[in-house]
Amino acid sequence: MTHPHTDSIGFTTADAEATAGFFAECLGFHRSGEPLLVHGGPYAELVGLPGARFRLLRLTIGAEVLELTEVLDPGTGARAGRPIPVDSRSNDRWFQHSCLVVNSMEAALAGLQPAFASGRIQPISSAPQRLPDWNTAAAGIVAYKFHDPEGHPLELLQFPPDKGEARWHVEAPGPLLGIDHSAIGIADTAASCRFYRELLGLSAGGDGVNSGLEQDGLDGLDGTRVHITGHRCPTGAGVECLDYREPTGGRPMTADQGIQDLAHWQLRLRVADLEAIAAQIEAFGGRLISPGIVELGDQAGLIGATRALQLADPDGHQLQLLQA
């Protein structure tokens with residue numbers, strides 16, 4: 001099987017310019033070109049909002065791309081987008097975040113301090129957490145979670161010298177190095193492993209159970225016990241599945257969550273065979289968002305592909321698959 005490659009991680013924002021300003025000013029991201037305006041056409045069909053208008057704005061950090069989607073008009077008959085629920089918790093299954101690797105947690109948090117002080121952003125974690133030595137796979141990693149100005153969850157992660165890819169241990173002009181993965185809330189580790197590894201062809205990453213006071217402090221929960229399973233591409237960001245065993249009560253994603261909702265994230269992957277994936281999606285617990293494989297025609301330049309497929313995984317998290 002040819003392994004897929006990560007093209008970008010993205011989420012929906014109510015104001016792409018304001019959100020890009022936060023990521024540039026407080027985290028060191030760089031804009032990549034001018035915003036792209038999408039007026040209906042095949043791309044709108046692909047993402048499940050026929051006739052909608054979008055603004056796509058791309059940011060880069062290291063080798064990774066973060067794409068911001070602003071829905072300017074959801075199209076005739078479509079509902080408006082919803083904000084992220086104010087009572088969202090880390091164990092809710094609509095939870096998805098981008099994990100940003102830093103070379104200095106202290107310097108990264110210092111850059112964010114003015115935004116915290118003004119109330120522009122809000123913490124999830126009680127403080128940066130050093131994961132304990134008994135947790136062999138994660139020992140020594142320092143992590144911290146917070147909400148961006150619209151409530152999107154983000155994680156800062158600092159690897160000790162003996163962990164993480166070589167690219168996370170290089171000199172950089174600022175504390176932020178790149179995006180390691182996007183983490184998603186799931187209900188069933190085995191089902192998600194089948195979907196991401198057998199259907200999509202990602203490789204096995206880390207696997208372990210995190211618990212204890214450090215995990216409580218990281219997630220803002222009590223009595224936390226979470227099974228974490230990684231899925232990787234040959235290069236770029238991967239997917240990390242978070243199966244919370246405790247505390248119980250994590251809520252499923254609403255069945256109608258769409259790209260107009262601020263809780264929407266999507267991982268864009270380049271794959272070798274869209275037909276094979278499209279034919280098996282339901283057998284692996286997923287579902288189609290697009291009306292089958294979409295030929296992008298004149299809009300191929302928007303995402304650098306002539307054909308694409310939009311689908312949801314077993315918990316509703318969306319992916320956009322591209323084929324040149």
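Q: In this predicted model, which residue forms a salt bridge with R232?
A: The closest N and O atoms of the pair are 3.2 Å apart. A salt bridge needs such atoms within 4 Å, and the partner of R232 is E165.

Q: How many residues apart are R232 and E165 in sequence?
A: R232 sits in strand β13 (residues 225-232). E165 sits in the loop between β10 (153-158) and β11 (176-185). The pair links distant parts of the chain, and the separation is 67 residues.

Q: Is R232 buried or exposed?
A: The cut-off for buried is under 20% relative accessible area. R232 has 18% relative accessibility, so R232 counts as buried.

Q: What does E165 count as, with a relative accessible area of 32%?
A: Buried means under 20%, and exposed means over 50%. E165 has 32%, so this residue falls in between and is partly exposed.

Q: Which residues join R232 and E165 in one network of salt bridges?
A: The salt bridges of this network share partners. Besides R232 and E165, the network holds E64, R167 and D180.

Q: How many salt bridges does the structure hold?
A: Side chains of opposite charge can pair when their charged atoms come close. The pair of R232 and E165 is one such salt bridge. The structure's total is 23.

Q: Which residue forms a salt bridge with R79?
A: The closest N and O atoms are 3.5 Å apart. R79 lies in the loop between β5 and β6 (96-102), and its partner in the loop between β14 (238-246) and β15 (265-270), so the pair ties together parts that are 177 residues apart in sequence. R79 is partly exposed at 27%. The partner is D256.

Q: What is the N to O distance in the salt bridge of R82 and D256?
A: R82 is in the loop between β5 and β6, and D256 in the loop between β14 and β15, 174 residues apart. R82 is partly exposed, with a relative accessible area of 30%. D256 is partly exposed too, at 42%. Their side chains meet at 3.0 Å.

Q: How many residues of strand β5 are buried?
A: Strand β5 covers residues 64-73, ten in number. The strand is mostly covered. The buried count is seven.

Q: In what sense do β1 and β5 pair, parallel or antiparallel?
A: Strand β1 (residues 5-12) shares four bridges with β5. One bridge partner of β1's I9 in β5 is L66. The sense is parallel.

Q: How many bridges join β4 to β5?
A: Strand β4 (residues 53-61) and β5 run antiparallel. L56 has T69 as its bridge partner in β5. In their hairpin, two residues lie between the strands, and G62 takes a positive phi near 60°. The bridges number nine.

Q: How far apart are the end C-alpha atoms of helix α1?
A: Helix α1 has twelve residues (16-27). At 1.5 Å a residue, these should span 16 Å. The model agrees: the ends are apart by 16 Å.

Q: Within what arc do the buried residues of α1 fall?
A: The buried residues are A16, T19, A20, F22, F23, C26 and L27. Seen down the axis of α1, they line one face of the helix, because they fall within an arc of 160°.

Q: Which residue caps the N-terminal end of α1?
A: A side-chain oxygen of the cap lies 3.3 Å from the backbone nitrogen of E17. The capping residue is D15.

How values were computed
Residues are numbered from 1 along each chain as its sequence is written. This is a predicted model: local features need pLDDT of at least 70, side-chain atom pairs count only at pLDDT 80 or more; totals for chains, interfaces and linings use all residues. Side-chain values use heavy atoms; hydrogens and water are left out. The expected span of a helix is 1.5 Å times one less than its number of residues. Buried means under 20% relative accessible area, exposed over 50%, partly exposed in between (1.4 Å probe, protein chains only). The arc is that of the directions from the helix axis to the C-beta atoms. A polar contact is a pair of N or O atoms within 3.5 Å; within protein, one must be able to donate a hydrogen and the other to accept it, and residues adjacent in sequence count only if both atoms are side-chain atoms. Two strands pair if DSSP finds at least two bridges between them.
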